[in-house]
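Dear colleague,

I am passing the structure below on to you, together with some notes on what turned up when I went through it. Please read the notes with the coordinates open beside you.

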Amino acid sequence: MSEPSPAPPADAAPDPAAQPGRMGTLQSLLRELGQAGAGTQGSDLVADWLHRTYGLEGVTALHIHQGQLQPLPFFDPLPEAVTFTREDLRVVRAGQVDVRPGGILVALGGRYRARYCLWLHPVPARFTAADLELLQLFAHGVGLEIEWRIVQQHLGLLRRLQHDLLRGSLDQAYDVLLRYAVAIIPGAETGSMAVRDGKLFHVVAYGSYDEQELRDVAFDVADNRDVWYGLGEAAWLAGVPRVRRGPDLMARGGGFVRGGEYHTEALASVQALQANIAVPILYAGEVMAFLNIDSLTDPDAFGDDSVALATSFAEQTALILHEFRLRHDVDAAARTDELTGLPNRRALTRALPAMIRRAREGGAPLSVMLLDVHNFKAINDLYGHATGDTALRRVADALRAFLLQLPSVDAAPAGGPPSTAFRVLSPQPFVPGEPAAFRNGGDEFIVTLPGATPADAARHAAELRDVMLGVNVEGRPIVLDIGVAALQPDDETGDTLFRTADEAMYRDKQARYMASSDSPD
């Protein structure tokens with residue numbers, strides 16, 4: 001609905017006597033706005049000042065949302081006959097006060113381009129050059145106040161982000177980060193986040209995109225830097241956000257990796273992008289993660305304010321992720337056996353309730369193997385404790401290799417990014433649904449076998465014994481005592497499960513002593 005702004009009438013010269021008084025009321029308004037709290041107090045002050053100063057019938061507030069000017073639910077309703085076009089959007093983004101026959105479009109811009117505006121109607125019968133000058137000062141002052149309030153709101157969101165992130169798990173961290181990024185960065189509608197693992201960025205969180213398209217997707221770091229990001233290595237290592245729009249995004253859409261195979265074409269979702277901010281997230285001089293913030297509706301969604309807040313968000317995110325990683329690593333260390341690198345008894349205690357719940361809900365069996373090194377005391381007595389430690393490490397290595405050959409019930413949690421991607425920043429001791437080995441203490445180990453029946457577990461135990469016969473220390477083969485058991489319907493805690501396995505292991509141990517001349521441990 002844009003029309004050329006009419007010049008003020010020739011007889012509409014400023015009234016020198018009135019202008020200083022009105023400037024005083026504007027200054028008072030801006031002071032009161034600075035002191036006003038949240039809610040409608042500020043908007044009431046603005047509407048009251050405009051009505052009193054210009055004798056208006058209506059004041060409608062609007063904001064730019066998904067490439068359109070849309071009314072806000074305060075001030076006066078927008079008259080039904082009034083509509084806005086893309087040209088009106090450009091007027092607002094240019095920070096103009098545009099006087100038209102039916103009303104005045106007032107962009108509320110401060111330091112950055114305007115994202116909010118007012119529609120004032122009707123145009124006062126005698127609208128002078130002084131009126132226009134005062135309205136421009138008003139618009140700039142209110143625009144600065146809006147920006148200040150947005151900054152305060154975003155600082156509050158960053159504080160909440162840190163709280164929400166650090167109290168959650170690593171599995172949840174990336175989704176939390178992406179959700180806050182979309183809420184904080186002006187113009188954002190959706191996005192995705194990838195975390196670096198060697199030469200690849202693994203996608204670990206995504207917004208409104210097709211889950212099947214982005215599951216198990218990774219991007220080559222060099223391609224991502226040189227083609228998709230495209231600002232050069234210096235900007236990359238400085239964490240400078242890059243903004244692109246429309247056709248340029250398709251031209252820059254590089255290939256991707258899925259299941260270890262490189263695909264030269266761009267992901268289909270790139271075609272839907274109207275604008276994108278690409279943000280390297282650094283810590284200690286290295287790009288540790290990569291954030292894409294997208295608009296699906298507006299090629300001009302991102303301005304200098306978007307870039308400034310994306311930069312601030314990336315800096316805060318790097319610090320928060322680093323702190324989160326440290327906390328996670330400390331927690332992981334407390335659940336990891338230092339000698340063998342296997343999860344320890346504490347890790348099993350923490351994981352067991354979820355294993356039992358998963359088995360109950362899925363109607364699947366859960367079996368365990370409890371094992372120790374047969375006559376381990378003799379190894380320590382004959383060769384020393386250092387050799388005993390070597391024997392335990394070799395058992396752990398053999399268990400890891402053996403378990404990799406076994407099937408998993410579910411290697412990736414339903415409804416989320418692949419578990420391998422979640423392991424990029426800080427490895428999990430094990431993945432839910434997969435067989436896992438734990439050091440129980442001393443020379444005892446526990447193997448959990450989700451989905452394995454008692455017959456499966458017995459077969460795996462026999463296979464493991466055969467594998468271990470090929471592992472020796474000081475020329476002496478490592479022999480295992482193994483007991484197997486399965487979770488019973490009335491066993492809510494797993495106590496019976498492990499007691500049964502322990503009793504079976506003891507019987508296996510005794511049978512082996514009776515068949516040989518070894519002395520008991």
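Asp456 and Arg459 sit three residues apart within helix 15 (residues 454-468), a separation of about one turn of the helix. Please keep in mind throughout that the model is a predicted one. These two residues form a salt bridge in which the closest N and O atoms are 3.2 Å apart. Neither end of this pair is classed as buried: Asp456 counts as partly exposed at 21% relative accessibility, and Arg459 is likewise partly exposed, at 42%. Elsewhere, salt bridges with shared partners connect Asp372, Arg465, Asp481, Asp508, Lys509 and Arg512 in one network.

The geometry of helix 15 can be checked against expectation: at 1.5 Å a residue, its 15 residues should span 21 Å, and the C-alpha atoms at its ends are indeed 21 Å apart, which agrees. Its buried residues are Ala457, His460, Ala461, Leu464 and Met468. Viewed down the helix axis, these buried residues fall within an arc of 105 degrees, so they line one face of helix 15. The face turned away from that buried side carries Ala455 and Asp466, which are exposed. As for what covers the buried residues, the elements include strand 14 (366-373), helix 13 (385-404), strand 16 (444-450) and strand 19 (480-486).

Turning to the salt bridges more broadly, the structure holds 23 of them, and two further examples may be worth your attention. In one, the side chains of Asp88 and Arg100 meet at 2.9 Å, N to O. Asp88 belongs to helix 3 (residues 86-93), whereas Arg100 lies in the loop between strand 3 (97-99) and strand 4 (104-107), so this pair ties together parts that are twelve residues apart in sequence. Both Asp88 and Arg100 are buried.

In the other, Arg93 forms a salt bridge with Asp300, with the closest N and O atoms 4.0 Å apart. This pair links distant parts of the chain, since Arg93 is in helix 3 and Asp300 is in the loop between strand 13 (286-295) and helix 10 (304-334), 207 residues apart. Arg93 is buried, with a relative accessible area of 13%, while Asp300 is partly exposed, with a relative accessible area of 23%.

With best regards

How values were computed: Residues are numbered from 1 along each chain as its sequence is written. This is a predicted model: local features need pLDDT of at least 70, side-chain atom pairs count only at pLDDT 80 or more; totals for chains, interfaces and linings use all residues. Side-chain values use heavy atoms; hydrogens and water are left out. Helices (H or I, at least four residues) and strands (E, at least two) are DSSP runs, numbered from the N terminus. Buried means under 20% relative accessible area, exposed over 50%, partly exposed in between (1.4 Å probe, protein chains only). The expected span of a helix is 1.5 Å times one less than its number of residues. The arc is that of the directions from the helix axis to the C-beta atoms. Contact means heavy atoms within 4.5 Å.
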